[in-house]
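Work through these exercises with the structure open beside you. Try each task before you read its solution.

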2 protein chains.
Amino acid sequence: MRPQDMSPDEFRKFGYEVVDWIARYLDTTGEYRVVPEMQPGELVDALPKSAPVKGEPMEAILADFDKLIVPALNHWNHPRFHGYFSVSASGAGILGEMLAAAVNVNSMLWKSCPASVELEQVVMSWLRQWLGLPESFFGLIHDTASSSTLHAIGAARAAADPGLRTEGGAPGLVLYASEHAHSSVEKGALSLGMGQQNVRKIGVDAEYRMRPDLLSAAIAADREAGKKPFCVVSTVGTTSVTSIDPVKEIQAIAAREGLWHHVDAAYGGVAAMLPENRWMLEGAGEADSLVVNPHKWLFTPIDLSAFFCRRPEALREAYSLVPEYLASQENPRAVNLMDYRIPLGSRFRALKLWFVMRSFGYEKVCRIIRKHCAWARELAVEIAAHPQFEVVAPAPMSLVCFRMKGPDEPNRELLEQVNRSGVAFLSGNVLDGRFVLRLAIGNLGTTREDVFTTWEKVRTLASQA
Amino acid sequence: MRPQDMSPDEFRKFGYEVVDWIARYLDTTGEYRVVPEMQPGELVDALPKSAPVKGEPMEAILADFDKLIVPALNHWNHPRFHGYFSVSASGAGILGEMLAAAVNVNSMLWKSCPASVELEQVVMSWLRQWLGLPESFFGLIHDTASSSTLHAIGAARAAADPGLRTEGGAPGLVLYASEHAHSSVEKGALSLGMGQQNVRKIGVDAEYRMRPDLLSAAIAADREAGKKPFCVVSTVGTTSVTSIDPVKEIQAIAAREGLWHHVDAAYGGVAAMLPENRWMLEGAGEADSLVVNPHKWLFTPIDLSAFFCRRPEALREAYSLVPEYLASQENPRAVNLMDYRIPLGSRFRALKLWFVMRSFGYEKVCRIIRKHCAWARELAVEIAAHPQFEVVAPAPMSLVCFRMKGPDEPNRELLEQVNRSGVAFLSGNVLDGRFVLRLAIGNLGTTREDVFTTWEKVRTLASQA
């Protein structure tokens, strides 16, 4: 028999055990405390200081997983995990991950694994159609939206001045995004050596949407000062309040000014797939790049960020570098993913998305997303009607931002109390200088009852304050 | 019942089916052709142009996986996959991945998931000890060595001149690596906006190791020209020939010159864990950062790159950026991973490494790696003794580089023939202007017989040429 760490029978035995655990977990995640009760360092202290010299039986490892790891989890897959943005590991997505782990291929080149490279093209094309983007968008998968956006900015730089690849630096180049854009835009720019001072944060309107007039003015002022505007990032579904920048107007400015336009739809892109929400991405088909994260609201286990780019040649300009040991025949149908990105290799991420898209289908995805959005609207109305509370921003997707009227401190305390209760998990934010609570709805297992159980917990704790 | 995409019974049914598939696959990977017989685009053409509107049954998806995906795989988990570097998905690693997919947590902050953040610290400390690195090294997990090395260079830049974060650019900064360093060093530098022209490729000795005298001379010449040397990357196990740069001497130069020293041990670090190979990393304990990839030679499914840094404050300097919605209490034991890296979020990668390290234990890891290296040495001797072939570089780890004596073209043809045969997969390289074949040994399932079956196939095809 071939050397393996376990026999086929052993793998089957422990595999079944793990599958049983997962089946039970998916069915009962709602019965766990969402957030663990523990102090920083407790798990570190509970585990051995060094790895074992002799191998340990799988029974012991699985027992420790249950005894030590599970109680330290913050259950992102919990139906009342409403913090940050809510995510889901669907059964279909997990099955896809299992097979991807087993075949363990690396998608750097077409010839390094045709199956994973080609399936990535297929699912990205499927997703592109769900987003209503034209065929001219080339798609590839990254780990997170931070990486997708960084790659977009790098491509924008290469498109603006191909010589910078050789010379380095970014003399005079300026990037624009709303003051509510995700931190990954600024982090991407500074990581790429663009300089934090060259990121302009454009003001927003009363509904937290980037103001095109302020964008135009900022570009004009920079040109006046001898700077070179090169890129603008609009956001469809900001992290603070899921506000939706006017993509079409921003695209018109980008086109007029010769700027690369990157659309950050990491969260909101999935909402925009619904027929009634098509307006959210109007104009994005003319943009240069777009990111949407199936690992957020599309039932796909983390990590999987979908990156689309209408100018793949700029990605190659920015990132292609082929050493001899990876030299490959030229064939237009043999895509070499390493030419379009920083990481040389990547997992077979497309597989889980293929499982998810096929097993759900477009209609079911729409049905679930529509429900999440409806509950958010319903909840926002109810919160707004409550004398002690206020809703602080519109809820065009599935995030409700609210607070108790009055000072910040009781709101911070309320957030801690809700999370400490274990009933639900919310996150906080500072909006217009005031502390607010964020309640996101997006887990596959969430019911209307969960949403209102959370709200009840919030109200009860607030009334006792 | 809670809304899920499948009932617990359904998940159990399909989960068992997938586990059966994996158990069979791990047992029989050696019976597949290593490389598929297909043309670019064949899989794309075989799949529907659009995703389904209505969900499809899991039976159909799994059947298509078998019928369409598997025949298009290049089987990286095959015992005669000897191309690039050989990798393994161990049973233990796969079980860890299954659970990570199900709990689906995001390790951006301590409070976003204590379990995954703390387990990452624990396994990275375990691995650090296996590498013989001192406790002062802070460890975190990236997707690939490309990302780890890019983060190292970014931290080096921040350490050299903290003002660049704000101003951008990298005026005068110069980076050094051997001419056999991995392409990720140059790609990292150019992605970061350091400028490709500011990467110096230092010459090597007869065994392809960076020459410290040439490094010193290059640094002196750059200083003379008003440049600012800021970083040197040494490699332990180069991709072309697994040569081992003299880390200790390079470290002495880095210390004297005030350069950040990053050690790229992505592949070779695992070999260096063996007591008899400790010399390979001598001096690395004083370096600033180091990368080793458990997803290469440590039986861990892709992706998992382990990055160690002795100056985590430089990583924070380069990458920390905390928006209000992610603000967190300060507690020295509550590590917020997002402060040390570009991606905001990350999967629970530590879990699979914990499964692997515990289930193998140090002794078994050493036993297997030692075997791989011994077979490589044995094979190198046999090839060198064959009148038609020559070994072109020493084989200090588990990679044998060789060629048929004479011109390149028959060697290129030989490589194609071996791969087309389906018996084994090798990769090629150009070394000192000549085309050579690379045969890497590193899969858990590989036997001595596999290695010599591959060699026999090579010889037979060569004799028919």
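## Exercise 1: A sheet and its helices in chain A

Helix H14 (residues 350-385) of chain A lies across S8 and S9 of chain A and runs at about 15 degrees to S9(A). The model is a predicted one.

**Task.** Find the order of the strands in the open sheet of chain A that has 4 strands, and say which strands stand at its edges.

**Solution.**

Step 1. Read across the sheet. The order is S8-S9-S11-S10, and the pairing is antiparallel.

Step 2. Look for strands that pair on one side only. These edge strands are S8 (389-391) and S10 (427-431) of chain A.

Step 3. Check the turn between neighbours. On average, neighbouring strands of this sheet are turned by 40 degrees against each other, direction ignored.

Step 4. Zoom in on one pair. S8(A) and S9 (residues 399-404) of chain A are joined in the antiparallel sense over 3 bridges. Within this pair, A:Phe389 stands opposite A:Met404 in S9(A).

Step 5. Add another helix. Helix H15 (residues 408-421) of chain A lies across S9, S10 and S11 (434-440) of chain A. Its direction runs at about 30 degrees to S11(A).

## Exercise 2: The sheet of chain B

**Task.** Work out which strands stand at the edges of the open sheet of 7 strands in chain B.

**Solution.**

Step 1. Write down the order. It is S1-S7-S6-S5-S4-S2-S3, with mixed pairing.

Step 2. Go to the two ends. S1 (138-142) and S3 (199-202) of chain B each have a single partner strand, so one side of each has no neighbour in the sheet.

Step 3. Note the twist. From one strand to the next it averages 20 degrees.

Step 4. Place a helix on the sheet. Helix H5 (residues 114-130) of chain B packs there and touches S1 and S7 of chain B. The direction of H5 makes about 110 degrees with that of S1(B).

## Exercise 3: One strand, two partners

**Task.** Decide in which sense, parallel or antiparallel, S6(B) pairs with S7(B) and with S5(B).

**Solution.**

Step 1. Recall the principle. Strands of a sheet pair through backbone hydrogen bonds, either parallel or antiparallel.

Step 2. Take S7 first. S6 (residues 289-292) and S7 (residues 305-309) of chain B pair in the antiparallel sense over 4 bridges. B:Val291 has B:Phe307 as its bridge partner in S7(B). B:Ser289 stands opposite B:Cys309 in S7(B).

Step 3. Now take S5. S5 (residues 260-264) of chain B and S6(B) pair in the parallel sense over 3 bridges. Here B:Asp264 stands opposite B:Val291 in S6(B).

Step 4. Follow the side chains. In a regular strand they alternate between the two faces of the sheet. In S6(B), B:Ser289 and B:Val291 point one way, while B:Leu290 and B:Val292 point the other way. All of them are buried.

## Exercise 4: Two helix pairs in chain B

**Task.** Classify how H4(B) lies relative to H14(B), then do the same for H6(B) and H13(B).

**Solution.**

Step 1. Start with H4 (residues 91-103) and H14 (residues 350-385) of chain B. Their axes come within 7 Å and cross at roughly 150 degrees.

Step 2. Apply the cut-off: angles over 145 degrees count as roughly antiparallel. H4(B) and H14(B) are therefore roughly antiparallel. Their crossing is right-handed.

Step 3. Inspect the contact. Among its residues are B:Leu95 and B:Leu99 of H4(B), and B:Trp354 and B:Phe355 of H14(B). The contact residues divide into 8 nonpolar, 3 polar and 2 charged.

Step 4. Turn to H6 (residues 145-160) and H13 (residues 312-319) of chain B. Their axes come within 8 Å and cross at roughly 90 degrees. H6(B) and H13(B) are therefore roughly perpendicular.

Step 5. Inspect this contact too. It includes B:His151 and B:Arg157 of H6(B), and B:Leu315 and B:Tyr319 of H13(B). Its residues divide into 7 nonpolar, 2 polar and 2 charged.

## Exercise 5: One glycine

**Task.** Is A:Gly172 buried, exposed or partly exposed?

**Solution.**

Step 1. Locate the residue. A:Gly172 lies in the loop between H7 (164-167) and S2 (173-178) of chain A.

Step 2. Count neighbours. A:Gly172 has 16 C-beta neighbours inside 10 Å, so it counts as partly exposed.

Step 3. List its contacts. Leaving out residues up to four places away in sequence, A:Gly172 touches A:Gly226, A:Lys227 and A:Lys228.

Technical notes. Residues numbered from 1 in each chain as written. Chains lettered and ligands numbered in written order. Predicted model: local features only at pLDDT ≥ 70, side-chain atom pairs only at ≥ 80, totals over all residues. Buried ≥ 20, exposed ≤ 12 C-beta atoms within 10 Å, placed from the backbone. Contact = placed C-beta atoms within 7 Å. Axes fitted to C-alpha atoms, helices over the stretch in contact; angles between N-to-C directions. Parallel < 35°, antiparallel > 145°, perpendicular 65-115°, else oblique. Left-handed = near helix turned anticlockwise from the far one by under 90°. Nonpolar A, V, L, I, M, F, W, Y, C, P; charged D, E, K, R; others polar. Pairing = 2+ DSSP bridges.
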